[in-house]
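Good morning, and thank you for coming. I would like to walk through one structure with you, beginning with a term that the discussion needs. Please have the sequence and the coordinates in view.

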Amino acid sequence: MPKKPIAKKLKEYDHTHIERAWQKQWDASGLYTVPDALPGKENYYTLVEFSYPSGNLHVGHWYAFAVQDIFARYKRMEGCNVLYPMGFDAFGLPAENAAIKEGADPKTWTYERMEKMRGQLRSMGASFDWSREVVTCDPEYYKWTQWMFNEFFKKDLAYRATTQVNWCPKDKTILANEQVVGGNCERCGTPVTQKDQDQWLFRITKYADRLVDDLDKLDWPESIKESQKNWIGRNEGSEIEFQITDGTEKIKVFTTRADTLFGVTYIVLAPEHPLVQTLKEKATNTAEIDAYVEQTKGKLELERQQSKEKTGVELKGITAINPANNESVPVWIADYVLAQYGTGAVMAVPAHDERDFEFAEAHNLITSKQVISALVESQEISPNEKPKNIMERMSKHAGIDLPYVQDGFLIDSGEFSDLESAEARKKITEKVGGKFVKTYRLRDWGISRQRYWGVPIPIVYDPEGKAHPIPVEHLPWLLPEDVDHTPDGTAPLARSKELFERTEKIFGIGWRPEVETMDTFVDSSWYFYRYLDNHNKNEFSARTKMDSWMPIDLYMGGAEHTTMHLLYSRFWTKALYDLGYVADDEAYTVRRNRGIILGPDGEKMSKSRGNVIAPDEIVERLGADTVRMYLAFMGPYGVPANYPWDPNGVVGVRRFLERTWRLFDRIGDAASTQDILFNQTIAGVGEDIREFKFNTAISKMMILLNAWEKEDSISEEEYSAFLKLLAPFAPHMTEELWHELDNVDSMHLAEWPSYDTSKLVSDTVTIAIQINGKLRGDITVSRTLEKEEVEKQALAHEKVVMHLDGALPKRIIYVPGRLINIVV
Ligand code: ANZ
């Protein structure tokens, strides 16, 4: 069959025209509209964290969305029915703050920004299925957020209570613990204060154990698993009661070190501990106690834990009895003890705890009551020696600096002396009638926000003040529009006449609406189910659709999401699972975090530094294909690395695409002589993509291109296969060339090229020739050629002959299969 007429010279590579035209054509033909099933194909659901409508796409978005699209496209060519959806996390503070700054209405602002971003997102040429778009501020979406809230409410997973909350004085709203970073508001950096507040919470603590234990079944970066474990902070310990000396009250402490009970020198209560109010009446320094309690109010937990200055006040005249040895010890209040952790009371053991040691030193309390001694170095103990003997051989203090915080052997602990810490913890707890308990750092998730731009909490109160969920027929419970949304610390919805009238009209006179809105992390806790069935009016997502797509095969996102979104959405999934609405109790078992693109100066991109790269401008100048491919070329994807933007690198990638374009003119009747490299490239590119090494995949294509450029001709089959390898990276250009080859169907319906395994290894090798360590040339010889024969051929190489100029080499070093170095 005659090949393409070579005479047909290709026009210039005009990216602007090509990219626009193909984007339009793909849209019009619905190329990326994904059915719920395709005969003979496996479904593959790849998810990326959607963005909030900031209104401007930055390089980070490109890195997140366009580079992951490479993988989605590869999976499609590999034969899967791939879902790669997109949407907007559209409610919340960022949109609202921006709207306020620009004097706009948050709704108008948000919808305008989304429209602009849709255009920018389209310019990436990503294979998003826009027909499944999800927008969390659309009433059709938040109807289901509200419905789920009510399902949780009915099952006591959502409740209202007064708790200490974090308050951002600038954003004038409550923040979840997860949204306080280093004592500051996660969004605006303002130092956060604490106050008591009535609010809505989700009972995430009920899931604490499962959230820890189920991490084992997830293929996630270890770093995220560790952070989640630390955040949940499960701790096993004992609760032990100390009787107050006059016999009226008991103080229950939580300790992880019951083995140190004989070393207790005082007891500390958190200033907020309820017993403080009872005990202070019996103390001789009530006024001093009141003053201290007052002084600690509003201090942040973090500040209390980290403060070097250990403040506190003794409850003078009050003592407690140590149940282990009946000794009485003084009772203090101090803010290094937190009210909401354990029991809010601590047995202090200065000899074995840093914080207690510092506190005792600061207040002249005993610090030297040592009850644990170090284990001697194992090589000093013969396996048969009893611990008793070891103890006798050791000096009692064994030269240890106090506080000694490790486990060891008990000393001066009555009948428990000589036991090891772990065993002693059990025995001592049992002996004093203590209880083994688990504690958690995790608190219930507070979701009430005193802001406008969020999902209205779907609750109404009857005239007696009792909360009722709004029945489903009244959902979506619309966000009122007659509201001045300027934040002043009170809930803006309380100012809506329409909302109050609506409530009374539906429920009766004297009923009033909840006026708080939900934390946006609620909206994003379930959005991945809605992509599967985004127009469903009767369910948040039909079970059949979820069955065909869930669990998500790959969830990519930013490294900053560890304890918020990734923990909340796990909780959400588990709660839905327990209620019988979803089939899996984890929604995504494979998670990878991508890196961050830095400015050309190697610093985080920021307006103030002036190092922000605007993708729109580069797309305009060099094309979307270049930008996609350059970002993929920066380094391995799916690892949390930092990559600085390199303007020369982008141009280099553009040149590669231009050369690929021109290679078209080299298509001829004869295939290239690079059969092995060709097969190796196909194999290697696929393997690299599967491992998210898009950078090395691109290098491999570059190597093949270099080799082909030296050939007189390459076959159309070869060129077509190359286009297929390149298609996920540069979808527009390859589509254009594919059609230049007279293909009718889209490039992106093509199958991934196959390769000939028998041609992966060459029976020849290329050996570098060095003279005095400098590369001078190479020879290609049979793999099995003897050393002497290789040397002979190397010595006959023209460069070597020239260099030796008749002289004999001093030495020849041969590294088999790689290089030969001739020393002259
Ligand atoms: C006695 C003791 C002796 C302790 C010793 C430690 C070492 P983690 O592991 O961080 O969870 N604790 C208990 N409740 C507390 C509260 N509300 N505020 C501040 N500290 C509290 O810490 C558990 C330990 O933290 C507990 O074990 C208790 O001190 C302290 F050599 O009890 B320990």
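A residue is called buried when its relative accessible area is under 20%, exposed when that area is over 50%, and partly exposed in between. Please keep in mind that what you see is a predicted model.

Let me apply that definition to Gln680. Its relative accessible area is 33%, and therefore Gln680 is classed as partly exposed. Gln680 belongs to helix α22, which spans residues 675–690. With respect to Lys116, 564 residues away along the chain, the C-alpha separation of Gln680 is 43 Å.

I turn next to Leu657. Is Leu657 buried or exposed? Leu657 counts as buried, because its relative accessibility is 0%. The residue is part of helix α21, residues 647–663. Which residues does Leu657 touch, if those up to four places away in sequence are not counted? They are Tyr13, Asp625, Thr626, Met629, Leu726, Ala730 and Met733. By contrast, Val432 is 225 residues from Leu657 along the chain, and 77 Å separates their C-alpha atoms.

Some of those contacts lead us to helix α20, residues 624–633. Nine of the ten residues of α20 are buried, so this helix is largely enclosed by the rest of the structure. Among the buried residues of α20 are Asp625, Thr626 and Met629, and these three residues are also touched by Leu657. The others on the buried list are Ala624, Val627, Arg628, Tyr630, Leu631 and Ala632.

Let me now move to the ligand. How many residues surround the ligand? There are 18, and the closest are Asn235, Thr255, Leu338, Tyr341 and His352.

Three side chains deserve individual mention. For Tyr341, an N or O atom of the side chain is 2.4 Å from an oxygen atom of the ligand. For Thr255, a polar side-chain atom lies 2.6 Å from a ligand oxygen. For Arg441, the distance between a side-chain N or O atom and an oxygen atom of the ligand is 3.0 Å. Taken alone, the ligand exposes 640 Å², and the protein buries 88% of that area.

As for location, the ligand takes up the space of the second largest pocket. Which elements give two or more residues to the shell around the ligand? They are β11, residues 250–255, and β15, residues 345–348.

To close, I return to the two helical residues: Leu657 is buried, whereas Gln680 is partly exposed. Thank you for your attention.

Terms used
Residues are numbered from 1 along each chain as its sequence is written. This is a predicted model: local features need pLDDT of at least 70, side-chain atom pairs count only at pLDDT 80 or more; totals for chains, interfaces and linings use all residues. Side-chain values use heavy atoms; hydrogens and water are left out. Helices (H or I, at least four residues) and strands (E, at least two) are DSSP runs, numbered from the N terminus. Buried means under 20% relative accessible area, exposed over 50%, partly exposed in between (1.4 Å probe, protein chains only). Contact means heavy atoms within 4.5 Å. A residue is near a molecule or strand if one of its heavy atoms lies within 4 Å of it. A polar contact is a pair of N or O atoms within 3.5 Å; within protein, one must be able to donate a hydrogen and the other to accept it, and residues adjacent in sequence count only if both atoms are side-chain atoms. Accessible areas come from the Shrake-Rupley method with a 1.4 Å probe; for residues, only the protein chains shown count as cover. On a 1 Å grid over the protein atoms alone, a cavity is a set of points where a 1.4 Å probe fits but cannot get out, and a pocket is an open set with protein on both sides within 12 Å along at least five of seven lines; lining residues have an atom within 4 Å of a point. A molecule sits in a cavity or pocket if more than half of its atoms lie within 2 Å of its grid points.
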